[in-house]
Each structure stands twice: as C-alpha cells, then as structure tokens.
There are 4 protein chains.
Amino acid sequence: MDASFSNKKKILNDPVYGFISFPSEIFFDLVEHRYFQRLRRIKQLGLTHLVYPGALHTRFHHALGCLHLMQLAMSVLRSKGHDITAEEEEGVCLAILLHDIGHGPFSHALESSIVSGTSHEALSDLFIDRLNGYCGGRLELAREIFRDRYPKRFLHKMVAGQLDMDRLDYLKRDSFYTGVSEGVISADRIIQMLNIAEDELVVDAKGIYSIEKFIVARRLMYWQVYLHKTVLGAEQLLIRILLRARELTSGGAELFSTPALAFFLRHRAQKVDFHEQAGWLDTFAALDDFDVLTSIKVWEDHKDPILSGLSQRLIGRRLLRTLILDEAPAAEQIERLRQHWARRTGTALAEAHWFVFGGKISNKAYDDSLEPILILYRDGRLIPLTEASEHINLGQISKPLTKYYLCYPKELD
Amino acid sequence: MDASFSNKKKILNDPVYGFISFPSEIFFDLVEHRYFQRLRRIKQLGLTHLVYPGALHTRFHHALGCLHLMQLAMSVLRSKGHDITAEEEEGVCLAILLHDIGHGPFSHALESSIVSGTSHEALSDLFIDRLNGYCGGRLELAREIFRDRYPKRFLHKMVAGQLDMDRLDYLKRDSFYTGVSEGVISADRIIQMLNIAEDELVVDAKGIYSIEKFIVARRLMYWQVYLHKTVLGAEQLLIRILLRARELTSGGAELFSTPALAFFLRHRAQKVDFHEQAGWLDTFAALDDFDVLTSIKVWEDHKDPILSGLSQRLIGRRLLRTLILDEAPAAEQIERLRQHWARRTGTALAEAHWFVFGGKISNKAYDDSLEPILILYRDGRLIPLTEASEHINLGQISKPLTKYYLCYPKELD
Amino acid sequence: MDASFSNKKKILNDPVYGFISFPSEIFFDLVEHRYFQRLRRIKQLGLTHLVYPGALHTRFHHALGCLHLMQLAMSVLRSKGHDITAEEEEGVCLAILLHDIGHGPFSHALESSIVSGTSHEALSDLFIDRLNGYCGGRLELAREIFRDRYPKRFLHKMVAGQLDMDRLDYLKRDSFYTGVSEGVISADRIIQMLNIAEDELVVDAKGIYSIEKFIVARRLMYWQVYLHKTVLGAEQLLIRILLRARELTSGGAELFSTPALAFFLRHRAQKVDFHEQAGWLDTFAALDDFDVLTSIKVWEDHKDPILSGLSQRLIGRRLLRTLILDEAPAAEQIERLRQHWARRTGTALAEAHWFVFGGKISNKAYDDSLEPILILYRDGRLIPLTEASEHINLGQISKPLTKYYLCYPKELD
Amino acid sequence: MDASFSNKKKILNDPVYGFISFPSEIFFDLVEHRYFQRLRRIKQLGLTHLVYPGALHTRFHHALGCLHLMQLAMSVLRSKGHDITAEEEEGVCLAILLHDIGHGPFSHALESSIVSGTSHEALSDLFIDRLNGYCGGRLELAREIFRDRYPKRFLHKMVAGQLDMDRLDYLKRDSFYTGVSEGVISADRIIQMLNIAEDELVVDAKGIYSIEKFIVARRLMYWQVYLHKTVLGAEQLLIRILLRARELTSGGAELFSTPALAFFLRHRAQKVDFHEQAGWLDTFAALDDFDVLTSIKVWEDHKDPILSGLSQRLIGRRLLRTLILDEAPAAEQIERLRQHWARRTGTALAEAHWFVFGGKISNKAYDDSLEPILILYRDGRLIPLTEASEHINLGQISKPLTKYYLCYPKELD
C-alpha cells in the first residue's frame with residue numbers, strides 16, 4: 001500500500017452508522033470528483049425540512065450510507081459461503097455509490113417543471129458513462145450491474161430492487177434526520193438475514209419479522225413524511241414558481257438567475273439533448289439547491305405579482321393550505337376558490353390557478369407485481385413475501401393507496 | 001419542603017428514559033417497602049434471557065418506567081386543557097406504580113404449576129390493600145382507579161387498557177433490553193397524542209401512525225420474543241420441574257429448597273388462602289427468582305432422574321427441541337417420540353411425558369372485542385381504530401393467531 | 001384556550017431531543033417571523049460539513065433546542081422550590097430563543113471580511129428591539145434579561161454564561177450531527193443538577209462529574225471540530241474569497257451577486273449604520289448561506305484568476321493544506337512558499353498571499369477569569385469549580401491553548 | 001461449511017452493539033460449556049444495581065462483547081496492512097472470550113471474605129487449562145497469549161493492557177446499563193485508531209482525543225459508579241455477612257446454605273487447593289450470585305442477631321450510611337459510633353464493629369508506571385500518552401486518588 005493510497009483511504013463520520021470507510025482508492029477519487037461533490041449541495045428530502053427541521057441531509061451522505069450498507073451485505077453473503085469475486089464486490093459497491101448521481105436539486109419538482117424531458121435514472125446512466133471515461137474504463141462492471149445486464153442478477157437487485165441498499169439507507173437516514181421514529185428500521189438486522197438462493201437475493205425465514213417491519217415502516221414514512229400534506233403543498237408551490245419563471249423568461253422578462261438555472265429556464269431540455277450536446281450535462285451538474293433557492297429569494301421582489309407572490313410564500317414559509325382528500329376535489333369547489341381568490345386580490349381569474357389547484361398522489365409500500373421479495377425456508381423452499389407473512393396483511397398493504405389534494409391560500413379559509 | 005422530604009425526592013437513572021423521578025414522598029416510601037423491593041429480584045421476562053442475554057431487567061424497573069410515563073401523560077393531558085386534580089394525578093400514578101406488584105417469579109410458569117389457585121391480578125389487589133393500611137389509607141383513590149370503580153374511567157384505562165402505560169413501557173423496555181429493535185415504539189410520541197373526549201381516553205387523529213406502529217410492534221414482539229420457541233420450551237421445562245418437585249414432595253421425598261419455595265411445594269394455594277391466612281401473602285412476598293433458580297441448581301444432583309434430568313437441562317441450557325406448528329401435533333407422533341425416549345434412556349414410558357409433550361399458544365395484538373382505541377378527529381368525531389386505519393389491515397391483525405408446539409429432547413432428532 | 005391559539009401550539013420533531021414544544025402563542029409568532037425563518041438558511045457550523053458531512057444543522061434548530069432546554073431548566077428549578085414568576089419564565093425563554101438571532105451566514109468569516117464593523121451580539125440586540133416593536137412591547141423583560149439588566153441575574157446566566165442553555169444545546173447538537181461522540185454531553189443530567197443559591201445559578205455537588213465532563217467535552221470539540229485544521233483552512237479560503245470580491249467590486253469590476261451580498265460588498269458597514277439607516281438591518285436579514293455559496297459557485301468562472309482560483313478550490317473541495325503548529329510559522333517559510341507558488345503558477349509574487357498565509361488560533365474551554373461555575377454543597381458552601389474538581393486538573397484546562405496555522409496549496413508539498 | 005457448523009454459527013442480540021457473532025464453531029462450543037454458562041448467573045457489577053437499577057448485565061454478556069470488539073480490532077489492524085495469521089486471530093479471540101472466566105459471584109466481596117486464598121486471574125488460568133483439555137489442546141495459543149508468553153506481545157496487550165478490549169467493553173457496557181452517560185466511550189472509534197508499531201499496540205495520533213476521553217471517562221466511572229458510596233457500603237455489608245456466616249459455621253452453628261456456598265464457608269480455600277484437589281474448581285464453578293443472595297435471604301431469619309441484622313439490611317435495602325472522606329476517620333469517632341450503636345441496640349460493644357467500620361479506597365484511571373499507551377505520529381515517532389496529551393493534564397489524572405470511608409447505621413445520625 002503506497003502512501004498516497006493510504007492517505008486516500010479515508011474514514012468519514014456518519015451520525016447514522018458511526019463511520020463509513022472507502023473500500024479502495026477509486027471510491028475516494030470518485031467521491032472527490034465534482035460530479036459527486038455537487039451532491040453535497042442537494043438535499044435528499046428537498047423541502048421536507050420546512051416541516052421536519054432536521055431533514056437537511058444530502059444525497060452525498062445518502063450515497064455514502066448506501067456504500068456502507070453494501071460493504072456490510074457483501075461480507076454477510078460471503079460469510080454464508082457465497083462466492084463473490086473481488087471485481088464483483090467492487091462493481092456492486094461502485095454501482096450503489098453512483099446509483100443516484102443523476103439527481104438534480106428538488107428532483108421531483110424540477111422533473112415536473114423545467115427539466116421534464118428526462119429522468120434522474122437516465123442522467124445517472126450518463127454520469128456513470130462520463131466517469132467511466134475519467135476512470136479509464138474501471139466502471140464497466142459497475143455499469144453492467146447498474147443496467148441489470150450482469151448475469152448474477154442478485155447484484156443488480158441489491159442496487160435497485162424492492163429490498164436494495166438504497167431503500168435500506170434512505171428509510172433509516174430519513175427517519176433519523178426527521179426524528180420520525182416510526183420509520184426506524186434495523187438495516188443491520190435485515191442485511192444479516194440476506195442470502196442467495198437460485199441466483200436470487202432472498203431473505204432467511206427467521207428474518208421475516210424484520211422485513212414486515214420494513215414494509216410497514218416504508219408505508220408509514222410515505223404518509224407521514226414523503227407525502228406530508230405541508231411538504232406536498234410546498235413542493236407544488238416550487239413547481240409553480242419554476243413554471244412561472246419559465247413563462248416569464250419565454251416572454252422576454254428580465255429575471256435574476258444563476259447561469260445554470262437561467263439555462264434550464266430558457267431551454268426545454270429533452271433526453272436527447274443531454275446525449276448529443278456536450279455541455280448540457282455539465283450545465284446540469286452545475287445546478288443545485290443553491291441556484292434554485294437563491295433565485296427564488298431574489299424573485300420575492302420581482303415585479304410580476306404571481307412570481308413574487310408565490311416566492312414570498314415559499315421563502316417566508318407562508319405555505320398554502322393543503323387538504324388531503326379521499327376523492328378528487330370537485331371542479332366547482334376549485335372554481336369557487338379561484339373566484340374567491342381573484343376577487344380578494346383583484347387579480348384575473350385566469351391567473352388564480354397559480355394559487356388554487358388540486359391533484360392526485362398515490363403510493364405502494366410494496367409492489368406485488370414486481371419481482372417479489374422471496375423468503376428462504378430451512379428446507380430450501382422459496383416463498384414470496386405476501387404468502388409467507390402471517391402477521392400483517394401484506395396483500396392489503398401492497399395495494400396502492402390513492403389520495404387527492406387541494407391547495408389554496410390560507411386566507412380563503 | 002422539609003429536609004427529609006427533599007432527601008427522599010430521589011431521581012433514578014434509567015437506561016431507557018434517562019431519568020425517572022418520584023412525584024412525592026409517598027412514592028419513595030412505597031418503593032422502599034419490602035413488598036416493592038422484592039420486585040428487584042423478579043425478572044420482567046423470566047427465562048427470555050436464555051435467548052436474548054440482555055433481557056435481565058426486572059419488574060422493579062418496569063414499574064418505575066410506568067410511573068415515569070404516567071407523569072408525562074398527565075402533563076400532556078393537562079396541557080390540552082383537561083382538568084385533573086392533584087389527588088387524581090397522585091392516585092393514577094400510585095395505581096400504575098403498584099399495578100403489577102402481585103407478580104411472583106416466573107409468573108406464567110408458577111401460575112401453571114405450584115401457585116395455580118390465584119392470579120397476579122388478585123394478588124396485586126391484596127398487596128395494594130396491605131400497603132393502603134401501611135400508608136394510613138392514602139391509597140384509597142389509587143385502589144378505586146385500579147379496580148375501575150372511579151367515575152373518571154379514563155384514569156383506569158391508562159392503568160389497564162389497550163393503550164395503557166404498562167404496555168407502552170414494557171414494549172419499549174423489552175425491545176431495548178432484548179435488542180430486538182423491531183419492537184421499539186415511540187412511547188413519548190404516543191403520549192403526546194393522547195387526549196380525552198367524552199370522558200374516554202382517545203388518540204388525536206394525527207397520532208394514528210404511531211398507534212398502528214404500536215400494534216404492529218406488539219404483535220411482532222409476541223412472536224419474536226414473548227412466544228419465541230426456545231423461550232417457550234424453557235418455560236415448559238420450568239413448569240415440569242416445579243410440578244415434579246411438588247410430586248416428589250407430596251410423596252415424602254427430601255428436597256433442598258428455600259423456606260418460601262418449600263411452602264408452595266407443600267401447599268396447594270387457593271385464592272381464599274391468601275385472603276384468610278395472614279402469613280400466606282408474606283410468604284409469597286418472600287419468593288423470588290432466586291428461590292426458584294437456586295433450588296433447581298441444587299436439584300441437578302437430586303437422585304430422582306426426572307427431576308435432576310429436567311433441572312440439568314434448564315441450568316446447563318441444554319433445552320428441548322421446540323417446534324412451532326400450524327396444527328396440533330398428532331397424538332401418534334407424540335407417542336412415537338415418547339417410546340423412542342423411553343427406549344433410549346431405559347425409563348418407563350409412563351414418565352416420558354416429562355420430556356416429550358405438546359401444547360397450544362395463541363395471541364392477539366389488539367382485541368377488537370374489548371373497548372376499542374378511539375381516534376379523535378379535528379371535527380370531533382370519534383372513530384374506532386380498526387375503522388380509522390388505512391395503512392394496515394387491523395381487522396386482520398386483531399384476529400387471534402393460534403399455533404401449536406411440540407417439545408422433545410434434541411437427542412431424538 | 002381559543003382555537004387559533006391551540007392551532008399555533010405546535011410541536012416540532014427534533015432528532016436530538018425527540019420533541020420541542022412552544023410554551024405559548026408568542027413563541028410561535030416569533031418563530032414564524034421572517035427574521036427568525038432566515039435562520040433556517042444559516043448553518044450552525046458554517047463549512048464544517050466539508051469535513052463532517054452530517055453537520056448541516058441550522059441556527060434555527062439550535063435556537064429551538066435552547067428553548068427546549070430552558071423550559072426543562074425552569075421546571076427543574078421550580079421543583080427545587082425556587083420562585084420564578086410566569087413572566088420571568090416567558091422572558092428567559094424568549095431571551096434564549098432570540099439570543100443568536102443576529103448571526104449572519106458564516107458569521108466568523110463575514111465578521112472577518114465584509115461585515116467587520118459590527119458583531120452578531122450587537123445585531124441580536126437590534127433584532128430584538130425590532131421584534132419587541134412587532135410584539136407590542138412584550139419582549140421588554142426578555143430584553144432586560146438578555147442585556148443583564150434584570151435584578152435576578154441567574155436568569156441572564158442561563159442565557160449567556162459559562163453553563164448556559166446555548167452551550168448545552170450546541171455541544172450536544174454539534175456532536176450529534178458531526179457524529180463526534182467525544183462531545184456528547186448529558187444536557188438533561190446537567191440541567192437536573194442546576195440550582196440557585198445566593199441568587200446565583202449553581203450546580204448541586206453531586207453533579208460535579210457531569211460538569212467536568214462538560215468542560216472536557218467542550219475543549220475536545222474545539223480541537224476536533226470547531227478548530228479542525230481542514231475546516232479552519234476552508235474558512236480562511238472563504239474570508240479571502242469575500243475580501244477579493246470586495247476588492248474587485250471597489251475597483252469597479254462586474255461581479256455576479258445576489259442583491260443582499262452586493263450591498264455588503266459595496267458598503268463597509270459600521271455598527272452605527274445598522275442603527276441609523278432603516279434598511280440596513282433588513283438587507284442584512286436578507287443575507288444567508290445561499291447568497292454567499294451561490295455567488296461563489298458563479299465566481300468559479302470569473303475572469304479574475306485569484307477570485308476564480310479561490311472559488312474553485314472551495315466549491316470543488318480542493319482545499320488548502322493546513323498545518324497546525326505550536327509556534328508561528330517563520331516569515332521566511334511563508335515567503336519561500338509564496339515564491340514557489342508565484343513561480344509555479346506564473347502569477348505575481350504580490351498576489352501569492354491569497355493562497356499562502358498563516359495565522360493564530362486560541363481557545364479556552366473554561367475561563368477562570370470570568371464569573372466561575374459554582375458548586376453547591378449539602379452544607380450550603382459554594383465552591384468555584386476549579387477548586388472543587390478533583391478528577392481533572394481544571395486549572396490546567398482553563399488555560400488558553402494557543403496554536404498557529406499555515407495554509408498553502410497542496411501542489412506545493 | 002457443514003450443516004452442523006452452520007447451525008452453530010449463531011448470532012446473538014446485544015443491546016450495546018446490535019449483534020455479536022461467533023467467528024467459528026469452537027467459540028460456540030466453549031460458550032455452551034457449563035463453565036461459561038455459569039457467567040450468565042454472575043452480574044458484572046455485583047450490587048451496583050441497588051443504586052443503578054439497570055446494572056443487571058452479566059459477565060456472560062461482557063465476555064461476548066469483548067469477543068465482538070476483538071474481531072473488529074483484528075479487522076482494523078489487518079486493513080492497515082499488518083500480518084496476523086488465522087491462528088493468531090483465533091487465539092487472541094479465544095483469550096479475550098475466556099479472560100474473565102475465573103470470576104466468581106461478587107468477586108471483590110468473596111475475595112475479601114470466604115475465597116481469599118486465590119484470585120480470579122489464577123482461577124481463569126485454571127479454567128482455561130481445563131477447557132484446553134476439553135478442546136483437545138486447541139486453546140494452546142490462546143493460553144500463551146493470555147499468559148503473555150507469545151512473542152507478538154501486542155496480542156496480549158489487547159487482552160490485558162491499559163487499552164484492552166476488556167476495558168473498552170466494560171466502560172461502554174457499564175455506562176450503558178447504569179445509564180451514566182458520562183462514561184460512554186466510542187469503542188468503535190478507539191478501535192479504528194489502533195495500530196501496531198515496533199511490535200507494540202499503539203494509537204494513531206489523530207485518535208488522541210478519543211483516548212483522552214477514554215481516560216477521563218474511566219476515572220469518572222470509578223467515582224460515580226464503581227466506587228459509589230452506597231455501592232461500596234453495600235459491598236462492605238456483603239463482606240461482613242459472609243465473614244459472620246463463616247464464623248458461625250466454624251463455631252458449629254446450623255446455617256441454611258446451598259452446597260457450593262456451604263463448601264466455601266467450611267473450607268479456607270488456598271490457591272494450591274484448586275490446583276491439587278480435583279473437585280474444588282468444579283465446586284467453585286457451581287457458585288454464583290444465586291447461591292449467595294438466596295442464602296442471605298434465608299439468613300434474614302437466622303437466630304444470630306448479627307447475621308440476621310446484616311442480612312435484613314442488604315435484602316431490604318436499608319443500607320448503611322457511608323461517608324467518603326479525604327482523611328481516615330479518627331479511631332475515636334469510630335469508637336464513639338460503636339458505643340452509641342451498642343447502647344442503642346443493647347448488644348456487646350465487641351460486636352459493634354460488624355455495623356460500624358471504616359476503610360480506604362483508591363483509584364488510578366491510567367497508570368503511568370505500567371507500560372504506557374503509545375501515540376504514533378505520521379512521521380513514525382512514538383510518544384507516551386502523558387507527554388502527547390495537551391488537553392487534559394494526564395500527569396495529574398494518572399496520580400492515584402485515595403479516599404477513606406466510614407460506614408454506620410443511619411439510625412445513628
């Protein structure tokens with residue numbers, strides 16, 4: 001081990017796991033790359049901190065947490081006698097480290113507004129390609145695993161499946177930082193129970209309780225955190241701010257903006273653009289939470305009353321009233337609220353939709369229709385989770401739960 | 001505040017909550033009483049530590065934990081504007097402190113063997129009476145609440161209900177000490193959500209997630225800890241050891257034993273005895289884990305091969321193989337194992353039932369047929385939990401789950 | 001309690017303490033004010049997250065944590081029989097809530113560069129005045145306590161003293177989020193030991209261990225976190241970036257910048273300005289981490305090689321090599337490194353000081369010369385901490401420890 | 001890996017570390033041995049639970065915790081490039097697992113009363129010999145390491161040194177179970193900082209903070225837990241109970257007792273006895289907390305007023321007043337208290353020493369005179385801890401602190 005390598009073999013502090021260490025030099029080099037460093041400036045949970053003030057953790061820390069869990073999982077699978085080569089271990093660890101590298105700031109909001117032509121998965125793929133070039137092709141195997149083209153498919157499942165290291169880390173990390181202890185899962189314990197049978201990632205039968213708890217925790221985290229009505233309202237506000245900013249930009253208005261944000265306000269990016277235009281991916285890589293929030297802060301004083309009105313609400317945390325409903329709000333109810341708002345503020349009814357609107361959300365904690373989680377019994381049988389579970393009705397829990405929302409200014413109450 | 005009072009107003013360290021404090025002098029006096037101090041020598045989870053070595057916590061610590069939670073609950077309910085008098089607060093705190101004082105060592109095993117004529121609830125009642133005398137009648141109100149004779153029935157519900165401080169503390173404490181993090185609940189958060197409506201203890205609607213998690217955790221703890229097959233097998237062993245010891249005693253055999261244990265081996269205690277015979281309760285109060293385990297340790301060398309054989313298995317942790325089955329084991333299967341055992345050990349077939357036997361267990365995490373947990377909505381509606389819950393099928397979870405077991409020496413495998 | 005009040009009586013999740021609740025409506029109103037909301041966008045530990053990636057917590061969360069501890073402390077002092085009026089409790093809670101409201105982004109760096117004419121303490125005072133107006137004078141008592149003009153001086157000590165709620169929260173919170181468990185203190189336990197004697201805030205003798213641990217933890221946190229060499233190097237980089245930006249601005253260069261940051265780059269703010277010019281405080285209130293970081297991100301591409309060079313280093317985390325030394329680095333050593341740098345990069349030697357420089361740091365964990373922490377013995381004696389402590393040499397620990405640093409680009413190694 | 005092995009490769013739950021796993025079959029076999037299982041019935045902290053009710057953890061759990069830390073340490077040292085053979089790893093892990101196997105119940109009290117002729121270290125050595133026979137000589141290397149006869153001396157240092165896995169586990173475990181968070185150390189972090197240089201176990205320089213914290217924590221735990229005055233008083237009571245019981249036994253009195261305890265009350269065991277008499281070690285192995293406590297419970301009713309009086313105090317927790325003093329209590333003060341007690345109770349003055357007595361305690365957190373903890377700097381220098389530390393005066397802390405105590409019945413106050 002030469003000095004520079006030893007120097008790079010860093011250990012990082014993590015409030016969640018204590019320590020995270022890099023398996024080898026290439027991990028350190030990738031983490032130092034500016035494509036990865038940018039994740040330091042992208043919060044994992046977007047605007048959730050407006051409700052849970054501790055939720056400021058970043059995609060950077062989450063990616064490292066996934067790497068930590070993957071190392072643990074590899075060591076568990078090996079101790080159970082499974083043959084995993086050093087190359088495969090490096091590959092799957094690199095794949096999980098980079099699996100979310102394509103995320104931009106406030107992913108959902110941006111994909112619903114100014115970067116709607118592509119997806120973070122497609123961008124992760126592109127970033128991995130670029131980094132593979134940077135690493136002299138050392139990411140080949142990681143890329144195969146990421147794309148599910150590697151024969152040992154259980155490796156891909158650990159990166160992207162219903163029981164992957166991504167979910168294990170984010171549930172644990174998100175519940176830790178929000179302080180919502182309902183979501184706490186035993187990632188360690190679940191990983192201790194992982195196994196491989198018939199080339200599938202499976203769970204030893206005695207781990208079934210932990211898996212059930214994991215599914216329940218995931219569902220509850222959806223409703224208590226990920227789809228929290230106030231967070232949802234804030235995110236909808238953000239989408240509308242960006243859409244309005246783009247509309248104004250198209251109309252030729254002057255708008256304070258960072259260069260990277262300005263670019264995406266002006267261009268309607270399509271997936272193909274990122275592939276064909278050399279600079280697009282780098283411009284995307286320059287975009288983070290800071291560009292978006294800083295611009296909105298300045299827009300609080302913009303002369304367009306819609307842009308400034310929406311921006312003031314977000315920055316000053318005077319969020320919209322958000323109702324979660326079992327059925328879609330009636331068109332007349334929305335119309336009535338819009339009229340009310342137009343009258344009250346003296347604006348055109350045609351613009352009221354910026355402040356009064358509805359929509360639909362839906363969630364599945366566990367998707368029966370996807371490749372199921374398999375439980376391995378002592379006698380070698382493999383049983384899908386929903387059949388194996390006696391304690392909670394997972395058939396029930398795996399049905400999607402759909403809800404509707406209605407947002408409007410609290411002044412209309 | 002006089003000096004002696006201030007002296008008694010102790011704070012105790014608790015690994016679970018940090019600190020537990022006594023609200024006033026009478027609590028300190030009761031805790032110092034030998035009826036309460038004996039709980040220091042009675043483990044909350046009996047033989048569970050044979051599987052989860054950390055599970056050594058006592059009924060003493062649990063009772064104090066309940067007291068801590070009750071104080072917190074009282075402060076939450078008051079902060080929501082409910083009128084609770086100082087006397088009522090003292091009463092309900094005393095009631096929860098003493099609610100389990102009637103437990104003997106290895107309660108379930110003793111109630112299934114040598115102290116089968118009464119129940120720990122009846123004995124708690126008797127102890128509370130005695131202590132009431134000792135306190136000059138200051139426990140009157142606590143007794144009314146304990147017996148559910150006090151008009152404000154929500155106070156009783158906090159002592160003994162489907163969401164009482166007893167359950168909140170034991171789930172949290174048991175999962176803490178066993179290290180089974182699946183059972184961890186947010187007692188704090190649940191208590192923050194408690195409320196009173198129509199004189200009932202209810203849960204604010206936004207606490208429904210925590211309640212669901214609580215029910216799921218309770219069910220999982222049952223199967224992973226309370227009814228763990230190895231623990232169950234050990235407990236059955238203990239029952240048989242005590243039954244055999246009584247049989248030998250009745251037959252006139254010499255048996256090492258502590259005075260208190262000797263008494264209960266000789267007498268078949270009925271409920272009425274504890275009421276009518278002055279000394280019985282005190283003899284019971286002298287009995288704890290130490291009497292039972294110490295005697296069994298000595299019985300390892302007793303000349304009766306059944307008593308010594310069973311005792312050696314328990315002390316040396318050479319426990320019986322315990323199978324958990326969906327259906328009752330067939331009589332022929334049991335018979336076959338007994339014959340096998342008799343042949344192998346050269347003992348009479350008629351005695352094989354001491355080592356080979358079966359039975360039934362069953363559990364409900366939440367009992368729909370009892371007074372339900374009520375959810376309070378913002379508009380004032382009260383909805384029973386099973387109707388209110390959307391995320392997990394509580395109708396399903398509240399059905400009892402019945403299983404069967406079969407125990408036999410591992411040598412027969 | 002009217003409906004709107006009950007509505008405002010929110011509970012917030014906190015990963016550190018579980019829950020934080022507002023004592024009354026006025027707290028909620030102040031927290032909602034944009035002067036307070038801005039603290040959501042100011043990290044407590046500035047650039048520390050570059051070393052400890054979890055350290056993203058904000059001054060907003062810290063202020064709420066202090067409020068939580070103050071409520072606990074009030075309840076402990078009252079339980080010990082001390083008379084504290086409801087007004088005093090509200091006052092001291094408001095004072096601690098607002099004690100740090102004058103902090104800008106990256107306080108130390110800004111006070112060492114573009115906002116050097118005033119201090120965050122002076123600005124806190126101004127903000128409290130403004131908010132007092134906004135609250136119709138309800139902050140009078142809080143202001144008296146904050147300024148140490150209230151007769152019961154122990155109240156001020158709890159806001160700003162050697163054992164105040166500020167220190168208790170920040171040590172606990174910073175160690176929690178950095179993951180540096182050496183700094184973990186038992187804030188709960190320390191608060192349980194607080195008392196009042198001779199109108200002084202004192203510590204019960206049996207709490208002396210906790211206090212010693214607190215002092216040791218504080219000192220270690222200084223060297224392991226607050227003055228970590230890499231953090232220190234990053235902060236020095238930030239100072240130089242801002243100084244260079246101001247220099248360029250003064251010279252008439254075009255510089256991307258948010259309006260608030262532009263203002264402070266153009267004006268050399270003096271304390272008096274904030275008092276006399278109505279808009280200055282509001283402009284300061286508009287400045288947060290986002291203005292600073294976003295501008296530096298854009299400056300990565302500025303044509304001035306010094307500004308862009310320094311900015312690229314900070315954003316890309318290619319930080320300076322920082323050595324911590326027992327003695328000041330020799331002038332010749334610095335000169336040599338500067339020549340080396342000038343030669344290597346082909347820039348003027350006169351500009352090398354932007355990249356190669358030294359300085360001094362120093363720290364005291366406990367300051368003997370200030371009003372000491374007093375220990376209260378059972379017999380009523382009050383002994384200063386340094387005399388009372390037997391276990392660690394606090395005389396030693398309270399001596400300031402001075403160190404020097406030297407920063408230069410790693411390429412020069 | 002054959003089926004039976006895989007069956008034995010158990011994972012145990014541990015509230016402190018989450019999971020503890022056995023490296024191989026031999027560990028499982030040793031843990032199942034009755035010499036090891038007896039540790040389940042021996043509390044790590046004896047009577048400490050009378051003050052800290054959570055402190056019920058056993059030597060069994062501690063030994064497993066040490067094994068866990070040793071495995072972690074081996075993996076850290078290997079990752080730093082040090083060559084440790086599989087045999088050496090097994091040897092040092094077995095040595096730490098068994099290092100405390102010679103402990104009897106209430107070690108200090110028994111070594112000060114009825115088993116005073118030997119030490120737990122000598123008994124551990126004997127048990128290891130016996131187990132080595134049982135394992136067919138597989139413990140040879142472990143024994144060499146345990147006795148410090150193995151050339152790579154750093155292995156012994158990890159079993160018994162100033163920074164061994166024993167201390168790391170017990171500090172962490174004891175502070176966890178007592179709830180005294182002052183003692184919490186980062187065992188993980190310390191282990192990450194371990195290294196080997198010049199065949200010595202050393203600490204990387206950047207770990208110095210953790211080591212300082214460890215020393216401070218150790219010292220504070222001594223005074224707050226291990227030498228807590230009430231615990232000390234209870235232990236002295238236990239010593240006197242056992243001494244009195246032996247005196248009565250020698251005098252021919254009848255005394256309830258378990259067979260194992262009766263043996264040690266009758267015989268004055270010398271070290272040589274355990275070596276030469278085959279059965280002595282097995283009788284010792286039969287002795288645990290249950291024998292001692294159960295007998296004392298029965299002695300509460302013994303007709304000797306001294307034995308019953310002392311026993312009632314211990315069981316009923318009516319402990320002696322214990323004063324900790326800077327100087328030895330004056331002989332006259334003790335005499336006066338004894339006279340007072342004799343008068344008050346009507347007993348002979350010559351017997352008053354059973355209830356009124358004094359003594360000396362002393363403690364060193366870190367012993368400079370032993371082989372010091374060495375700090376390894378980047379440039380290869382090795383500096384002893386006391387010289388390297390700047391933050392706390394370890395010269396001071398490593399001086400022994402001596403105190404005196406005086407115990408007497410509270411009735412004499």
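Two strands count as paired if DSSP finds at least two bridges between them. With that in hand, let's work through this predicted model together.

**Exercise 1. Pairing in a sheet of chain A**

Task: Which residue of β9(A) stands opposite A:G358, and over how many bridges do β6(A) and β9(A) pair?

Solution.
- Step 1. Begin with the residue itself: A:G358 faces A:L406, which belongs to β9(A).
- Step 2. Now widen the view to the two strands. β6(A) and β9 (residues 401–408) of chain A are joined by 7 bridges, in the antiparallel sense.
- Step 3. Place this pair in its sheet. The sheet is open, has 3 strands in the order β5-β9-β6 (chain A), and is paired antiparallel.
- Step 4. Look at the borders: β5 (321–325) and β6 (357–363) of chain A are the edge strands, each pairing on one side only.
- Step 5. Finish with the geometry. With direction ignored, neighbouring strands of this sheet are turned by 25 degrees against each other on average.

A reminder for this kind of exercise: strands of a sheet pair through backbone hydrogen bonds, either parallel or antiparallel.

**Exercise 2. The sheet in chain B and its helix**

Task: Find out which helix of chain B packs on the sheet, and which strands that helix touches.

Solution.
- Step 1. Trace the sheet: in chain B, 3 strands form an open sheet ordered β5-β9-β6, with antiparallel pairing.
- Step 2. Its edges are β5 (321–325) and β6 (357–363) of chain B, and each of them pairs on one side only.
- Step 3. From one strand to the next, the twist averages 25 degrees.
- Step 4. Check the pairing of β6(B) with β9 (residues 401–408) of chain B: 7 bridges, antiparallel. Within β9(B), B:K403 is the bridge partner of B:I361.
- Step 5. The helix we want is α13 (residues 229–250) of chain B, which packs on the sheet and touches β5, β6 and β9 of chain B. The direction of α13 makes about 120 degrees with that of β5(B).

**Exercise 3. A hairpin in chain C**

Task: How many residues does the hairpin between β1(C) and β2(C) run through?

Solution.
- Step 1. The partners are β1 (residues 11–14) and β2 (residues 18–21) of chain C, which pair in the antiparallel sense over 4 bridges.
- Step 2. One of the bridge partnerships links C:D14 to C:G18 in β2(C).
- Step 3. The connection from β1(C) to β2(C) is a hairpin through 3 residues.

**Exercise 4. How chains A and C are related**

Task: What turn lays chain A on chain C, and which parts of chain A supply the side that touches chain C?

Solution.
- Step 1. A turn of 180 degrees with a shift of 0.0 Å along the axis lays chain A on chain C, at an RMSD of 0.0 Å. That is the relation of a two-fold axis.
- Step 2. In chain A, the C-alpha nearest this axis belongs to A:F290, at 2.8 Å.
- Step 3. Count the contact: 31 residues of chain A are in contact with 31 residues of chain C.
- Step 4. At least two residues each come from β1 (11–14), α3 (34–37), α4 (59–79), α10 (165–178) and α17 (289–299) of chain A. Of these, α17(A) gives the most, with 6 residues.
- Step 5. By character, the side of chain A that touches chain C has 13 nonpolar, 12 polar and 6 charged residues.
- Step 6. Because 100% of the interface residues of chain A are also interface residues in chain C, the copies meet through the same surface.

**Exercise 5. Confidence and overall form**

Task: Where in chain A is confidence lowest, and where is it highest?

Solution.
- Step 1. Chain A has a mean pLDDT of 91, and 95% of its residues reach 70 or more.
- Step 2. The lowest value falls in helix α1 (residues 3–8) of chain A, with a mean of 41, and the highest in α17(A), at 98.
- Step 3. Over residues 1–7 of chain A, pLDDT stays under 50, and the model has 3 contacts beyond four places in sequence for them. Where pLDDT is low, the predicted coordinates should not be read in detail.
- Step 4. For the complex, the predictor gives an ipTM of 0.92 and a pTM of 0.90.
- Step 5. Chain A holds 21 helices and 9 strands. Its radius of gyration is 23 Å, which agrees with the value near 22 Å for a compact globule of 413 residues.

Methods. Residues are numbered from 1 along each chain as its sequence is written. Chains are lettered from A and ligands numbered from 1 in the order in which they are written. This is a predicted model: local features need pLDDT of at least 70, side-chain atom pairs count only at pLDDT 80 or more; totals for chains, interfaces and linings use all residues. Copies are superposed by least squares on the C-alpha atoms of residues with pLDDT of at least 70 in both. Two residues are in contact if their C-beta atoms, placed from the backbone, lie within 7 Å. Ala, Val, Leu, Ile, Met, Phe, Trp, Tyr, Cys and Pro count as nonpolar, Asp, Glu, Lys and Arg as charged, and the others, Gly among them, as polar. pLDDT is the predictor's confidence in each residue, from 0 to 100. Axes are lines fitted to C-alpha atoms, for helices over the stretch in contact, and angles run from 0 to 180 degrees between N-to-C directions. The radius of gyration is taken over C-alpha atoms; the globule rule is 2.2 Å times the number of residues to the power 0.38.
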